[in-house]
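Trainee: I have a model open and a list of labels for its parts. Can we go through why each label applies?

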Amino acid sequence: MPSILSTWSSSRAWEELSRNLLDLSILMVGMTVAIFGTVLFRPAGLFDTVWPANAVFLGLMLRNSRYAAWFFWAFAGALLLAADLMTGVAFMDSGWRTIANLAGVGAGYLMFSRVDTNDIQLRTPGSIMYLLLIGIVASFVTSMFAVGVNVAAKGSFDSHIWFGWFGSGMVVNVVMLPTILSAPALADFRHVFKLQPPIKANFFRAAAPAFSVVLSLVAAWYVGGPGAMAFPVPALIWCALTYSTFLTSFATLVVTLCVTVAIGAELGIYAGALESEHYINSLRLGATLLAVGPIAVSAVSTAKNDVANRLKRTATHDYLTDALTLSAFTKDAAKLLYHLSSVRRSVAVLVCDVDKFKFINDSYGHSVGDQVLVAFANTVIKNIRHTDLFGRIGGDEFVLILSDVQKEEAEIIASRIQKMFANEAIQISDELVLNATATFGGIALVQAYSDLMHLVEVADGVLNRAKADGRNRIMMSDYHQVALLSTKVPTRVV
């Protein structure tokens, strides 16, 4: 019979293997779509104008460091090699081009590994400059490896080949990477297109920047000429001031790829203006660098919004427990209760505190008391919905407003919080582990009542009765059954 240790080690190994297999599946899908989709659908004769595989691989590694493992590199190299062979490129040339692509990805990854996470996610004003610099270096490394085979075969350096590789690398590194790096996690993706209430009330106002991008592309195609390349820039800046970094980056990516494909395939607004491959590459780089402006504006706007949100959160949330402060809770609760009462929805108001908190402070010190409060608040926050309100109204006293619940549902939520907190071991020191409990008292209303202070006072009275009967318990009453309504307020139990 295997030992417990060997069984545990085996389970950990299987867990690690399953996680790696999941990561490999994600990488396989992303890289396969990026490589073979490009091979199958790019215009015939287009020399590496759009080759997103490098940016996809680099972006995935930056979002998840596990993708930097050797077997991911081997898999990516095999895909790149297979895609080149599909296009009829000789095996030796395909191998060298694969090495060139992986070398550029490696150079970009090494440089990004020295950059702060907020810069990688395009959340700082200077992040676009890091992206531009690293994109230039990675494209340079790729192009130097790519022309190496030409130098070895002919003994001469072909600047046109080098410039073509460098220009196409810049397109994907500077334009495609921002979309990959700023994309939200899958769990948060449903919130990407969620509009704020003032904009939601006017859909056309929300859609206007995106619509202006489409109009600018139509105008560029109709007017023609190299200068038309800049037509979408004002519309993209409007997007940067309105939408998230991800949506702005995606719009910029679409515009730049449209312009780049038009250049490389000799289509659209640049038909007849292509005098040489060098001119094509020059226009390609110009289109790429024009995309830097909107992305930079979006990064600055994001950084500004982050600072504003942090300041707002500091003003509205308790510094220790992250619960709403008394003033913020009073304001938000009044709005919530008014809304629930106007639509005749149910609500539950609970007042809760940590049992024997004064004894904990006196026996172990205020720092330990703070740890207990943080543990309790974290437990509450994990078990309530985003539509509920949780505020700190005193030293160890908190209030919960659960919207659209009945008495039984409120009791279930409170019971779950109570049990999780009672079972949590609070590590005070290497030798000391503390367990604490909490008591809940509250009221449930079939139809919400908008007088917040009165409801909290009634719930506080129920809490006092609960603590008088014994701590570490929950007492919920229907609003019309509470004796406090007769103005008989019991003495506060400490």
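**Labels and their reasons**

Mentor: Start with the whole chain. Buried residues make up 47% of the 494 residues in the protein. Keep in mind that this is a predicted model. Its secondary structure comes to 18 helices and seven strands. Of the contacts with a separation of 6 or more, 71% are between residues 24 or more positions apart.

Trainee: What makes Leu132 buried or exposed?

Mentor: Its relative accessible area is 14%. Buried means under 20%. Leu132 is therefore buried. Leu132 sits in helix α6, residues 127-154.

Trainee: Which residues does Leu132 touch, not counting residues up to four places away in sequence?

Mentor: Met170, Val174, Leu289 and Val292. Take Val174 as one of them. Leu132 and Val174 are 42 residues apart in sequence, and their C-alpha atoms are 6.0 Å apart in space.

Trainee: Now Arg465. Why is Arg465 called partly exposed?

Mentor: The relative accessible area of Arg465 is 28%. Buried needs under 20%, and exposed needs over 50%. The value of 28% meets neither cut-off, so Arg465 is partly exposed. Arg465 belongs to helix α18, residues 452-469. From Arg465 to Met475 is ten residues in sequence and 8.1 Å in space, C-alpha to C-alpha.

Trainee: On to helix pairs. What describes two packed helices?

Mentor: The angle between their axes and the distance between the axes.

Trainee: Then what makes α10 and α13 roughly parallel to each other?

Mentor: The axes of helix α10 (residues 233-242) and helix α13 (residues 292-316) come within 8 Å and cross at roughly 15°. Angles under 35 degrees count as roughly parallel. So α10 and α13 get that label. Their crossing is right-handed.

Trainee: Which residues make the contact of α10 and α13?

Mentor: From α10, Val233, Leu236, Ile237, Ala240 and Leu241. From α13, Pro294, Val297, Ser298 and Ser301. By class, that contact has seven nonpolar, two polar and no charged residues.

Trainee: Why is α15 called oblique to α16?

Mentor: Look at the angle. The axes of helix α15 (residues 357-364) and helix α16 (residues 366-382) cross at roughly 140° and come within 7 Å. Roughly antiparallel needs over 145, and roughly perpendicular covers 65 to 115. The angle of roughly 140° fits neither, so α15 is oblique to α16. Phe357, Ile360, Asn361 and Tyr364 of α15 make the contact with His366, Val368, Gly369, Val372 and Leu373 of α16. The residues in the contact of α15 with α16 divide into six nonpolar, three polar and no charged.

Trainee: Now the sheet. In what order do its five strands come?

Mentor: The order is β2-β3-β1-β6-β7, in an open sheet with mixed pairing.

Trainee: Why do β2 and β7 stand at the edges?

Mentor: β2 (389-392) and β7 each have a single partner strand, so one side of each is left without a neighbour in the sheet. On average, neighbouring strands of this sheet are turned by 15° against each other, direction ignored.

Trainee: How do you know that the pairing is mixed?

Mentor: Compare the pairs. Strand β1 (residues 347-354) pairs with β6 in the antiparallel sense over eight bridges. β1 also runs antiparallel to strand β3 (residues 397-403), joined by seven bridges. β6 and strand β7 (residues 474-478) pair in the parallel sense over five bridges. Both senses occur, so the sheet is mixed.

Trainee: Which residues stand opposite each other in β1 and β6?

Mentor: Among them, Val354 is opposite Ala438, and Val347 is opposite Leu445. Asp353 has Thr439 as its bridge partner in β6. Val347 also has a bridge partner in β3, Ser403. In β7, Met476 is the bridge partner of Gly442.

Trainee: What makes β1 largely enclosed by the rest of the structure?

Mentor: Eight of the eight residues of β1 are buried, so the label follows. Both faces are covered: Val347, Val349, Val351 and Asp353 on one side, Ala348, Leu350, Cys352 and Val354 on the other.

Trainee: And how many residues of β6 are buried?

Mentor: Eight of its eight residues, which leaves strand β6 (residues 438-445) mostly covered. Ala438, Phe440, Gly442 and Ala444 point one way. Thr439, Gly441, Ile443 and Leu445 point the other way.

Key:
Residues are numbered from 1 along each chain as its sequence is written. This is a predicted model: local features need pLDDT of at least 70, side-chain atom pairs count only at pLDDT 80 or more; totals for chains, interfaces and linings use all residues. Side-chain values use heavy atoms; hydrogens and water are left out. Helices (H or I, at least four residues) and strands (E, at least two) are DSSP runs, numbered from the N terminus. Buried means under 20% relative accessible area, exposed over 50%, partly exposed in between (1.4 Å probe, protein chains only). Axes are lines fitted to C-alpha atoms, for helices over the stretch in contact, and angles run from 0 to 180 degrees between N-to-C directions. A crossing is left-handed if the near helix is turned anticlockwise from the far one by less than a right angle, and right-handed if clockwise. Contact means heavy atoms within 4.5 Å. Ala, Val, Leu, Ile, Met, Phe, Trp, Tyr, Cys and Pro count as nonpolar, Asp, Glu, Lys and Arg as charged, and the others, Gly among them, as polar. Two strands pair if DSSP finds at least two bridges between them.
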